[in-house]
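Here is a short tour of one protein model, written for someone who likes to check claims against the atoms. Please keep the viewer open as you read.

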Amino acid sequence: MKTIEELMAIRENAKKRMTVREESGEECTRVVVGMATCGIAAGARPVLNAFVDEVAKRGLQNVMVSQTGCIGMCQYEPIVEVMEPGKEKVTYVKMTPEKAVKVVNEHLVNGNPIVDFTVGAATK
């Protein structure tokens, strides 16, 4: 950063990204990324960033991306829970940024959870 204009551009970009995380008041889909120590160590931060970026890129207004602490299954980190109004929670495990993009495209946009990425598939 060398100028106040660059700082303002960074600020505006950050504000746009943060609005993706804010709830709009209407019922929306919640994407929660486990960001406890075990999740961060396993790569949860890039997963969170991938969800935020992809949701913003696609302009999904009914999706709130947020973070939480320990989800309780450290061996499956990074863990992401998708909670849609009126549907059962879907828990994705061993997530990567690439898988996060696929979850946005298939699950959040098209309504098709990716069973191969879920905790049920991982425990078989």
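Where in α4 is the kink centred? The kink in α4 is centred on Val-103 and amounts to about 30°. Bear in mind that this is a predicted model.

**The sheet**

Let's start with the strands. Four of them form an open sheet in the order β2-β1-β3-β4, and the pairing is mixed. Strands β2 (63–68) and β4 (90–92) are the edges; each has a single partner strand, so one side of each lacks a neighbour in the sheet. From one strand to the next, the twist averages 20°. Inside the sheet, β1 (residues 29–34) pairs with β3 (residues 80–83) in the antiparallel sense, over four bridges. If you would like a pair to click on, Val-33 has Val-80 in β3 as its bridge partner.

**The helices on the sheet**

Two helices pack on this sheet, and the table sets out how each one sits.

| Helix | Strands touched | Angle between directions |
|---|---|---|
| α3 (residues 44–58) | β1, β2 and β3 | about 165° with β2 |
| α4 (residues 97–109) | β1, β2, β3 and β4 | about 170° with β4 |

Now back to α4. At 1.5 Å a residue, its 13 residues should span 18 Å, and the end C-alpha atoms are 17 Å apart, which agrees. Its buried residues are Ala-100, Val-103, Val-104, His-107 and Leu-108, so the kink centre Val-103 is among them because its relative accessible area is under 20%. The buried residues of α4 pack against β1, α3, β2, β3 and β4. After the helix comes Gly-111, with a positive phi near 75°.

**Two residues worth a closer look**

Is Glu-54 buried or exposed? Glu-54, which lies in helix α3, has a relative accessible area of 8% and is therefore buried, the cut-off being under 20%. Not counting residues up to four places away in sequence, Glu-54 touches Val-101, Val-104 and Asn-105. One of these, Val-104, is also a buried residue of α4.

The other residue is Thr-118, in the loop between α4 and α5 (119–122). With 13% relative accessibility, Thr-118 counts as buried too. Its side chain reaches the backbone oxygen of Val-115 at 2.7 Å. Leaving aside neighbours within four places in sequence, Thr-118 is in contact with Val-90, Thr-91, Tyr-92 and Val-93. Among these contacts, Val-90, Thr-91 and Tyr-92 belong to the edge strand β4 (90–92).

Conventions. Residues are numbered from 1 along each chain as its sequence is written. This is a predicted model: local features need pLDDT of at least 70, side-chain atom pairs count only at pLDDT 80 or more; totals for chains, interfaces and linings use all residues. Side-chain values use heavy atoms; hydrogens and water are left out. Two strands pair if DSSP finds at least two bridges between them. Helices (H or I, at least four residues) and strands (E, at least two) are DSSP runs, numbered from the N terminus. Axes are lines fitted to C-alpha atoms, for helices over the stretch in contact, and angles run from 0 to 180 degrees between N-to-C directions. Contact means heavy atoms within 4.5 Å. Buried means under 20% relative accessible area, exposed over 50%, partly exposed in between (1.4 Å probe, protein chains only). The expected span of a helix is 1.5 Å times one less than its number of residues. The bend at a residue is the angle between axes fitted to the seven residues ending there and the seven starting there. A polar contact is a pair of N or O atoms within 3.5 Å; within protein, one must be able to donate a hydrogen and the other to accept it, and residues adjacent in sequence count only if both atoms are side-chain atoms.
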